[in-house]
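Hi,

Here is the structure I promised to pass on. Have a look at it first, and my notes on its charged residues follow below.

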Amino acid sequence: MNLFGWLKRSKLKREIIVNVENLETRVAVLENGRLEEFMVEHDEKERLVGSVFKGRVQNLENDLQAAFVDIGLKKNAFLHYWDMLPDVDSFLEEEDEQHQRQKASRKTNRLSDAEIAKRFPPGSEIIVQVTKGPISTKGPRVTIANLSIPGRYLVMMPGTRTRGVSKKIGDAKERQRLKKILDRLPLPENVGLVVRTVGQGASARAFARDLRNLISIWNEMQANIKMRRTPCCIFQEPDLCERVIRDWLTEDVDSIVIDDERSYNEMREVAGKISRRAKSKIRRYDGGVGIFEHYGLERQLHDAFARQVPLKSGGYLVIDETEALIAVDVNTGHYKGKGSQEEAILDVNLEAVEEVARQLRLRNIGGLVILDLIDMKSRKHQREVYRALKEALKRDRARTNVLEISELGLLEMSRQRQDRSILSLLTSTCPYCKGRGLVKSPMAISVEIQRHLISLLKKAENEKRPFEPKIVIAPQVMQRLRTEDSDILASLQKTYNTRLTFVSELHRHPESFSILDAATSQVLYSQS
């Protein structure tokens, strides 16, 4: 980071606001009062990602190159064959030729289907860790190969002998210091260790203390493996409050403010194991209004999760979260730049990609993301916007991959998706549109009613029996029938020498209607 960037970051006031309620815990990260990160948790069942289970292989699907494992949830977990072999590349960065040869060897030395069936036959018990929670109709995804238990400064990796340093620690001297500390730490057999990014600058005593806590967790896991019946959870990630201390309480955080007395005491106890300074950063809020309201977060959350997100320049984003991908449309809106049109477009696109990076974090959305930027003719401007997005994404804890802007003006990227998005966590499918985002118009429903009415009236006429229909509809459809379509309905009554009765039900679905025989109350047609 250049000097200007460092000075800009150093002036930031970074606060973490924690709201604990009976059914929900919310955590917001503020930078100078602006919402930058948001997390929410409802109950312990949601703490799946990172938890370790003793499960049973249900079946092997060679066509899918995957096993399905019963871990005690409604849906079996998905275990890909390539997640059955160790791979520590996501934690480490080693540049020596020997490591590169080993890496290449692992890619070509996959287990065959026959070897998988021999080592993991249906009915066998295995230890797996959840790497991705259930999303939509899919069950959780698990791994055997890369079990990892995070501590404050270290990640314990049972089943490997790896000792390494996070690739995000770039200083060569610091990496060397950390490796020397690792070499002195006493480890159980077949347990690896990796230094987390937050471990940069930490003392040898802090590492030793963290390792003792991790070994205690490992011993408890082994006892659970022996004592508990399959399927069962043998290690569960701590709750959101404790994870905030473990993962978010860094040197650049000024304070953590929490509104619950019990959680406040628990967080101070956990922070006290790190240092007195860390403990002093935990503060209790007992104001007269809700903590999120006090810090202006309720309004920020409302604006942040809207489909249309305004930009300071007057432009705006439109974000649509679909099953297959996230579509982001960038629009100039009311932006009026002082320079040329090309410069104005560049300004909006630069602001847009900065906001997109923030929105991905806030909403916890991932998978394939497509940005439909405002068209830029200049390749120089395109590269500038691409680099700006790459820079903005450096703050993201999830892994991302960004491709350069295509000839169609689209920027494609992917973001690691470990769990459900905030939107899917807090919402359910609309009972009116069934997730389509649209319902049929009153005119379309009127046409359908008339179509079915004519069919029933003709049938009654052919059978030479009296028939007076009663139609039950939604209020908005009734309004249409009373106004625009009243002449058509009068003509129908005259043509078939009958009387039409319409009844409006306040809570009826806009697309729902029923046609009854008024004399017998028999339902002749119903659309729900």
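Please keep in mind that this is a predicted model. A good place to start is lysine 167, which sits in the loop that joins strand 11 (163–165) to helix 4 (172–184). Lysine 167 has a relative accessible area of 38%, so it counts as partly exposed. Together with Lys168, Arg397 and Arg399, Lys167 makes up a positive surface patch.

Now to the paired charges. The structure has 30 salt bridges, and three of them may interest you:

- Glutamate 36 pairs with arginine 361, with 2.7 Å between the closest N and O atoms. This salt bridge connects distant parts of the chain, since glutamate 36 belongs to strand 3 (residues 34–41) and arginine 361 to helix 11 (residues 341–363), 325 residues apart. Glutamate 36 is buried, at 6% relative accessibility, and arginine 361 is buried too, at 6%.
- Arginine 415 forms a salt bridge with aspartate 396, and their closest N and O atoms are 2.7 Å apart. Because arginine 415 is in strand 21 (residues 410–415) and aspartate 396 is in the loop between helix 12 (379–392) and strand 20 (400–402), the pair ties together parts 19 residues apart in sequence. Both arginine 415 and aspartate 396 are buried.
- Aspartate 485 bridges to arginine 480 at 3.0 Å, taken between the closest N and O atoms. Both of these residues, aspartate 485 and arginine 480, are buried.

There is also a network of linked salt bridges, and Glu36 and Arg361 are among its members, as are Arg14, Glu31, Asp252 and Arg395.

Best wishes

Terms used: Residues numbered from 1 in each chain as written. Predicted model: local features only at pLDDT ≥ 70, side-chain atom pairs only at ≥ 80, totals over all residues. Heavy atoms only, no water. Patch = residues over 30% accessible without salt bridge, like charges linked within 9 Å, V, L, I, M, F, W, Y side chains within 5 Å. Areas by Shrake-Rupley, 256 points an atom, 1.4 Å probe, with all protein chains shown as cover. Salt bridge = Lys/Arg side-chain N within 4 Å of Asp/Glu carboxyl O. Lys, Arg positive; Asp, Glu negative; His and termini not counted. Charge placed at Lys NZ, Arg CZ, Asp CG, Glu CD. Helix = DSSP H or I, 4+ residues; strand = E, 2+ residues; numbered from the N terminus. Buried < 20%, exposed > 50% of the residue type's maximum accessible area, 1.4 Å probe, protein only.
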